[in-house]
Amino acid sequence: MSLIPSSLFGGRRTNVFDPFSLDIWDPFQDFPCTSTVQSAPRSEFAKETSAFANTRIDWKETPEAHVFKADLPGLKKEEVKVEIEEGKVLQISGERSKEKEEKNDKWHRIERSSGKFLRRFRLPENAKADQVKANMENGVLTVTVPKVEVKKPDVKAIDISG
């Protein structure tokens, strides 16, 4: 149970106390900024930061593996990279291209994010980082990291009949 309200983190379901999550959170994402970097409303920097931090990824652990799922609508598998850094950090990155703007187009709303995204997760000790598999189907990236098999100690029956 988290003691920090999820609304504080833009509705993300991330546990801030999870040592394996390396989420990048921008606390100033929705604040109006007066700096020169973000002087224009919703500048390119702000859009890229938003795309960077808002790529949603689920991580579940099964008895056999750690499974990561990311919704990446509109992306092709060639536009996504799945890498293992230093043998223990899973990195998922890519770039969503901006739609071409025609001279006669009149935009009423731009809500879909574009730009680069990057998410990193520190894998636990039981992960087989050298056997990672990734699959992209219908805009959903699934990354499977098998787990090291835990051998149960052999239990010998002892005759206690006397």
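Five bridges join strand E1 to strand E2, and the two run antiparallel. Within this pairing, glutamate 61 has histidine 66 in E2 as its bridge partner. These statements, like those that follow, describe a predicted model.

**Overall composition**

The protein contains one helix and seven strands. Read from the N terminus, the order of elements is α-β-β-β-β-β-β-β. Of the 162 residues in the protein, 28% are buried. The accessible surface comes to about 12700 Å², and carbon and sulfur atoms account for 52% of that surface. Among contacts with a separation of 6 or more, 54% are made by residues 24 or more positions apart.

**Strand pairing**

The pairing of E1 and E2 belongs to an open sheet of four strands, arranged in the order E1-E2-E7-E6 with antiparallel pairing. Strand E1 (57-61) and strand E6 (133-137) stand at the edges; each has a single partner strand, so one side of each is left without a neighbour in the sheet. From one strand to the next, the twist averages 15°.

Another antiparallel pairing links strand E3 (residues 80-85) to E4 over six bridges. In this pairing, lysine 81 stands opposite serine 93 in E4. E3 and E4 form a hairpin with three residues between them, and glutamate 86 in the turn has a positive phi of about 55°. In a regular strand, side chains alternate between the two faces of the sheet.

**The nonpolar core**

The largest nonpolar core has 17 residues. Those with the most contacts inside this core are Phe68, Leu72, Val80, Ile92, Leu123, Leu141 and Val143. At least two residues of the core come from each of strand E2 (65-71), strand E4 (89-96), strand E5 (115-122) and strand E7 (140-146). E7 gives the most, with three residues.

Valine 143 illustrates the connections made from the core. Apart from its neighbours within four places in sequence, valine 143 is in contact with His66, Val67, Phe68, Val82, Leu90, Ile92, Val132, Lys133 and Ala134.

**Lysine 147 and serine 113**

Lysine 147 lies in the segment after E7. Is this residue, lysine 147, buried or exposed? Its relative accessible area is 13%, so lysine 147 counts as buried, the limit for which is under 20%. Leaving aside neighbours within four places in sequence, lysine 147 is in contact with Glu61, Thr62, Pro63, Glu64, Ala65, His66, Asn126 and Lys128. Glutamate 61 and histidine 66, the bridge partners in E1 and E2, are thus both among the residues that lysine 147 contacts. The polar contacts of its side chain include the two below.

| Group on lysine 147 | Partner | Distance |
|---|---|---|
| Side chain of lysine 147 | Side chain of glutamate 61 | 2.7 Å |
| Side chain of lysine 147 | Backbone oxygen of threonine 62 | 3.1 Å |

Serine 113 is located in the loop between E4 and E5. With a relative accessibility of 32%, serine 113 falls between the limits of 20% and 50%, and therefore counts as partly exposed. Serine 113 and lysine 98 are 15 residues apart in sequence, and their C-alpha atoms are 8.3 Å apart in space.

Notes
Residues are numbered from 1 along each chain as its sequence is written. This is a predicted model: local features need pLDDT of at least 70, side-chain atom pairs count only at pLDDT 80 or more; totals for chains, interfaces and linings use all residues. Side-chain values use heavy atoms; hydrogens and water are left out. Buried means under 20% relative accessible area, exposed over 50%, partly exposed in between (1.4 Å probe, protein chains only). Contact means heavy atoms within 4.5 Å. Accessible areas come from the Shrake-Rupley method with a 1.4 Å probe; for residues, only the protein chains shown count as cover. A nonpolar core is a set of buried Ala, Val, Leu, Ile, Met, Phe, Trp, Tyr and Cys residues joined through side-chain atoms within 4.5 Å. A polar contact is a pair of N or O atoms within 3.5 Å; within protein, one must be able to donate a hydrogen and the other to accept it, and residues adjacent in sequence count only if both atoms are side-chain atoms. Two strands pair if DSSP finds at least two bridges between them. Axes are lines fitted to C-alpha atoms, for helices over the stretch in contact, and angles run from 0 to 180 degrees between N-to-C directions.
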